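Me: I've got a model open and want to check the labels people put on it. Could we go through them and see what each one rests on?

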Amino acid sequence: MMQVNPERFLADLHRLRAFGAAGVGRGVVRPAFSEADLAARTWLAGEMRAAGLAVHVDPVGNLFGLAEGRSILLGSHTDSQPEGGWLDGALGVIAALEIARAAQDAGGPPVSVVSFQDEEGRFGVTTGSAIWAGMLALDDADRQTDRDGVSFAEARAAIAGEAGEFVDPGQFSGFIEMHIEQGPWLYEAGEAVGVVTDIVGIRDMRITLEGEQNHAGTTPMHRRRDAFQGLARFNALLNERLAGVVTPQTVWTIGHVRLHPDAHSIVPGRATFSMQWRDGDAGRLARMEEIIRDTAAEVAREMGLGLSFGDLLGLEPMPTDARLREALCGAAEAVAPGRWRQMPSGALHDATNVARLMPSAMLFVPSIDGISHAFAEDTAEADLVVGLEVLAGAVARLG
């Protein structure tokens with residue numbers, strides 16, 4: 001039997017949190033390829049080596065700790081949102097590292113570890129795993145930029161000296177990603193873990209409305225071609241147009257807006273904004289795209305604005321693998337009898353991409369008050385340990 005070390009596991013989580021620690025509570029600022037991210041990955045590589053794993057960095061910065069021979073792959077990501085918490089992604093990587101150590105001590109089964117790069121989308125959508133899985137061409141990824149105009153190609157130059165080839169996915173029997181739920185359901189129910197049945201699909205693109213920049217004090221309202229007013233009109237219409245198409249589980253978000261020239265006394269001449277939508281049905285995602293594009297075109301036409309769309313990024317909905325899911329369910333009942341559930345994931349994860357390469361599954365632990373992507377993100381340490389033990393139990397069953 002594998003014997004995990006909860007104290008070492010929690011200590012490593014806190015050690016990783018120190019790279020980019022910020023804000024109140026246990027907040028973290030560790031965007032992909034930032035100084036804090038690169039330092040964290042150097043530390044993690046050292047821990048992988050100490051655990052007897054062969055360290056490998058691929059061309060886009062995915063960091064692997066490889067066991068000998070065919071193995072199961074565990075992990076997640078260690079980059080964070082611009083204002084993130086200490087567990088989002090990091091939990092899955094450190095849990096994987098601890099289970100790899102326990103497996104080594106027990107003489108098997110072989111466990112490999114991965115930390116995928118740019119899951120949080122500084123440059124795209126789950127960039128590192130999307131490229132590895134063939135969902136995103138490297139040339140296309142290299143042209144993607146962050147909000148400051150830095151390209152993915154420029155950012156990944158920081159790891160060029162240590163990067164090797166892409167890892168052959170054929171050496172892995174499957175992938176399991178442990179993660180915080182990032183929602184309220186487990187926490188509110190007082191349940192210990194959730195075994196994920198499926199992951200929603202996502203679409204993400206930038207939209208730009210071009211108006212006319214002019215003086216805010218002397219330009220009459222009826223003469224204005226205000227790009228922000230176009231955005232406001234689009235948002236109001238979109239909620240109405242989507243009402244007859246979506247379900248209570250469907251979500252859509254305008255999360256980032258940039259006005260030009262972004263000044264108090266100037267009518268905005270340009271509004272560029274993010275448009276993201278998520279649902280578990282690919283057909284509904286496509287219908288929502290039609291409505292979004294048609295509504296933007298209607299607003300631009302009525303208000304005399306120019307309109308352009310950026311690249312459409314996204315991933316398809318993904319059911320988890322039945323065999324891996326069965327192992328997780330069995331371990332959950334053994335470790336936390338009656339205190340677990342099967343559930344969908346409304347958040348996007350690297351497992352969506354990896355499922356294109358191999359059988360994949362996910363395990364959730366509760367998020368206090370359902371908070372994530374914020375400095376206040378947290379999970380009771382006892383729940384973290386239960387999740388670790390469930391994951392270890394599942395790996396033992398599969399081995």
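What follows is a chat about some labels in this predicted model and the values behind them.

Reply: Fine by me, and keep in mind that this is a predicted model. Pick a residue.

Me: Let's take His-179. Why is His-179 called buried?

Reply: Its relative accessibility is 1%, and buried means under 20%, so His-179 counts as buried. As for where that is, His-179 belongs to strand β5, residues 172-180.

Me: What makes the pair His-179 and Asp-88 a polar contact?

Reply: The side chains of the two come to 3.0 Å. The cut-off for a pair of N or O atoms is 3.5 Å, with one able to donate a hydrogen and the other to accept it, so the side chains of His-179 and Asp-88 make a polar contact. There's also the backbone nitrogen of Gly-89, 3.4 Å from a polar atom of the His-179 side chain. Asp-88 and Gly-89 both turn up among the residues that His-179 touches, along with others including Ser-76, His-77, His-349 and Phe-364.

Me: Next, Arg-156. Why does Arg-156 count as buried?

Reply: Same kind of test: the relative accessible area of Arg-156 is 17%, and the limit for buried is under 20%, so Arg-156 is buried. You'll find Arg-156 in helix α6, residues 152-156.

Me: And how do you know that Arg-156 and Asp-142 have a polar contact?

Reply: Their side chains are joined at 2.8 Å, and the pair has to be within 3.5 Å, so the contact of Arg-156 with Asp-142 qualifies. Arg-156 also touches Phe-33, Pro-59, Val-60 and Leu-138.

Me: Over to His-260. Why is His-260 called partly exposed?

Reply: The relative accessible area of His-260 is 35%. Buried needs under 20% and exposed needs over 50%, with partly exposed in between, so His-260 is partly exposed. His-260 lies in strand β10 and touches Gln-213, Pro-268, Gly-269 and Arg-270, leaving out residues up to four places away in sequence.

Me: What makes the bond between His-260 and Pro-261 cis?

Reply: Omega there is about 5°, and the bond is cis. Pro-261 sits in the loop between β10 and β11. Gly-108 to Pro-109 is cis too, with omega near 0°, and Pro-109 is in the loop between α3 and β4. Why bother flagging them? Because most peptide bonds are trans.

Me: What makes the phi of Thr-126 worth a flag?

Reply: Phi of Thr-126 is near 45°, a positive value in a residue other than glycine. Most residues other than glycine have a negative phi, so a positive one gets a flag. Thr-126 is in the loop between β4 and α4, and its accessibility of 1% makes it buried. His-373 has a positive phi as well, near 55°, and is in the loop between β17 and α12. His-373 comes out as partly exposed, because 41% falls in between the 20% and 50% limits.

Me: How do you know that β1 and β2 pair?

Reply: Two strands pair if there are at least two bridges between them; β1 and β2 have four, in the antiparallel sense, so they pass. One example is Ala-54, whose bridge partner in β2 is Leu-66. Their hairpin has five residues between the strands, and Gly-61 takes a positive phi near 95° in it.

Me: What makes β2 and β4 a pair?

Reply: Three bridges join them, running antiparallel, and at least two are needed, so β2 and β4 pair. Here Gly-65 has Val-113 in β4 as its bridge partner. In β2, Leu-63 and Gly-65 point one way, Phe-64 and Leu-66 point the other way, and all are buried.

Me: Last one: which helix gives the largest share of the lining of the second largest pocket?

Reply: That's α12, with five residues. α10 and α12 each supply at least two residues of that lining. By class, the lining has eight nonpolar, two polar and two charged residues, Glu-389 and Arg-397 being among the lining residues. The space in this pocket is about 230 Å³.

Conventions: Residues are numbered from 1 along each chain as its sequence is written. This is a predicted model: local features need pLDDT of at least 70, side-chain atom pairs count only at pLDDT 80 or more; totals for chains, interfaces and linings use all residues. Side-chain values use heavy atoms; hydrogens and water are left out. Buried means under 20% relative accessible area, exposed over 50%, partly exposed in between (1.4 Å probe, protein chains only). Contact means heavy atoms within 4.5 Å. On a 1 Å grid over the protein atoms alone, a cavity is a set of points where a 1.4 Å probe fits but cannot get out, and a pocket is an open set with protein on both sides within 12 Å along at least five of seven lines; lining residues have an atom within 4 Å of a point. Grid points are joined across faces, edges and corners, and a volume is the space filled by probe spheres set on the points. Ala, Val, Leu, Ile, Met, Phe, Trp, Tyr, Cys and Pro count as nonpolar, Asp, Glu, Lys and Arg as charged, and the others, Gly among them, as polar.
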